[in-house]
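Here are my notes on the model you sent over. Have it open while you read, and shout if something looks off.

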Amino acid sequence: MLQFDSRDIVASSIRRLRIRDLGALLRQGRRRKRFELPLGKGIVLRPLLHLSGPEGREMALALRGLAGWGFGTASDNLQKTLSRHFNGRPVQAPQRLPTSEPRIAVALHLHYVDLWPEFEALLEAIDRPFQLILTLTRPDAALTERVQARFRGAEILVYENRGRDVGPFIQLLHEGRLDSFDLVCKLHGKKSGLSGPRMLLGEIWRRAILFDLIGSRDVVDRIVAEFEHSRETRMIGSRRFRLPNEWKREKAAWGENRAMVRNMLLTMGMSADSRLDFFAGTMFWVRRGALEPLKQLGLSLASFPDEASQQDGTLQHALERVLGLISAKISGVAWDDE
């Protein structure tokens, strides 16, 4: 009698071994030799999609998770994100001169400070004036020195680790630190676990969104121009993570947050039946004025629960959806859009 947890099974078949199966086993051994490349000292290079055993099951789960977000192995989303990562920025587009210079704040939250080099390179590529506001969960003198040497005038604030990236952003709003800006670009060092399938999803998720929002000067110029030409547009985020979509339908997009979202909408004097439309991952560009209704909620960092690796149903997850709903019109963008 064999008993399995269904999550551990990728594919299974049980029958008696036959003579002709020996040929298949031999071919499997030859195929493994053909794909594997011994590098010496016991090190073997093996293509990811030919892993077996526990590693193979973990890889299958990771790929299944990516596919559930529209990043299947052969999808344009994944292929273009990976090509953008390995090949660097595309050939610079013809310079697009904006007709205005809005006051821009980049509100970046970094719990994982090892990600700073990634953000540093992307922020430098913006190549237009902005105020960097960096929030951390612990003091870091070396990082502070490096950031301020690269981005003069950057504000670096240390907040308690509450509400993931949303808690510090609400605290910035609560303290009035965003009030003097026209546009705010909200970013954070997203990770979804330190190992395993969720880690892979988090890495792809973060890179794809960052490429879409601050991947080059041209990307940023297009976003700023969209805000200028469409006064109704209140928020712009990655179209790859705009929910609900063909991969994450409305039920999945709501998660365990519908009741809390409805209560917040009513508190702000908005319809509790507003159609769900938001950017998963809470990274976006937004008009500062669009955030004003949030002040009616009276929230601050202290309003958020203690960090306990919650995956859904908390204040930060509800606000992730509310941030999209309070904007009359939101728009999706991608770095590879024409």
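The points below go from the core to the surface and then to the salt bridges.

1. First, a caveat: this is a predicted model. Please read every distance and area here with that in mind.

2. The core is a good place to start. The largest nonpolar one has 87 residues, and Trp116, Leu123, Leu187, Ile214, Trp285, Leu294 and Leu319 are those with the most contacts inside it. Helix H7 (residues 196-214) supplies the largest share of this core, at nine residues.

3. Have a look at tryptophan 285. Setting aside neighbours within four places in sequence, its contacts include Ile104, Leu183, Val184, Leu213, Ile214 and Phe227. Arg234 is also on that list, along with Met235 and Ile236.

4. Helix H11 (residues 315-325) is worth a rotation on screen. Eleven of its eleven residues are buried, so the helix is largely enclosed by the rest of the structure. That goes for charged residues too: Glu320 and Arg321 are among the buried ones.

5. Now the surface. Which residues join Leu17 in a nonpolar patch there? They are Ile19, Leu22 and Leu25, and together the four have about 450 Å² of accessible area. Isoleucine 19 sits in the segment before helix H1 (21-35), and its relative accessibility of 73% is why it counts as exposed.

6. A small hairpin comes next. Strands S1 (residues 37-40) and S2 (residues 43-45) run antiparallel and are joined by three bridges, with proline 38 opposite valine 44. Two residues lie between the strands, and lysine 41 takes a positive phi near 55°.

7. The structure holds 33 salt bridges. One pairs arginine 15 with aspartate 21, with closest N and O atoms 2.8 Å apart. Arginine 15 is partly exposed at 48% relative accessibility, whereas aspartate 21 is buried at 12%.

8. Arginine 128 and glutamate 101 make another salt bridge, at 3.3 Å between the closest N and O atoms. Arginine 128 is in the loop between helix H4 (116-126) and strand S4 (131-136), and glutamate 101 is in the loop between helix H3 (76-87) and strand S3 (104-110), so the pair ties together parts 27 residues apart in sequence.

9. Arginine 288 meets aspartate 179 in a salt bridge of 2.7 Å, N to O. This pair links distant parts of the chain, 109 residues apart. Arginine 288 is buried, at 6% relative accessible area, while aspartate 179 is partly exposed at 38%. Elsewhere, salt bridges with shared partners join Lys80, Asp212, Arg239, Arg240 and Asp336 into one network.

Methods:
Residues are numbered from 1 along each chain as its sequence is written. This is a predicted model: local features need pLDDT of at least 70, side-chain atom pairs count only at pLDDT 80 or more; totals for chains, interfaces and linings use all residues. Side-chain values use heavy atoms; hydrogens and water are left out. A nonpolar core is a set of buried Ala, Val, Leu, Ile, Met, Phe, Trp, Tyr and Cys residues joined through side-chain atoms within 4.5 Å. Buried means under 20% relative accessible area, exposed over 50%, partly exposed in between (1.4 Å probe, protein chains only). Helices (H or I, at least four residues) and strands (E, at least two) are DSSP runs, numbered from the N terminus. Contact means heavy atoms within 4.5 Å. Patches are made of residues with over 30% relative accessible area and no salt bridge: like charges are joined within 9 Å, nonpolar side chains (Val, Leu, Ile, Met, Phe, Trp, Tyr) within 5 Å. Accessible areas come from the Shrake-Rupley method with a 1.4 Å probe; for residues, only the protein chains shown count as cover. A salt bridge is a side-chain nitrogen of Lys or Arg within 4 Å of a carboxyl oxygen of Asp or Glu. Two strands pair if DSSP finds at least two bridges between them.
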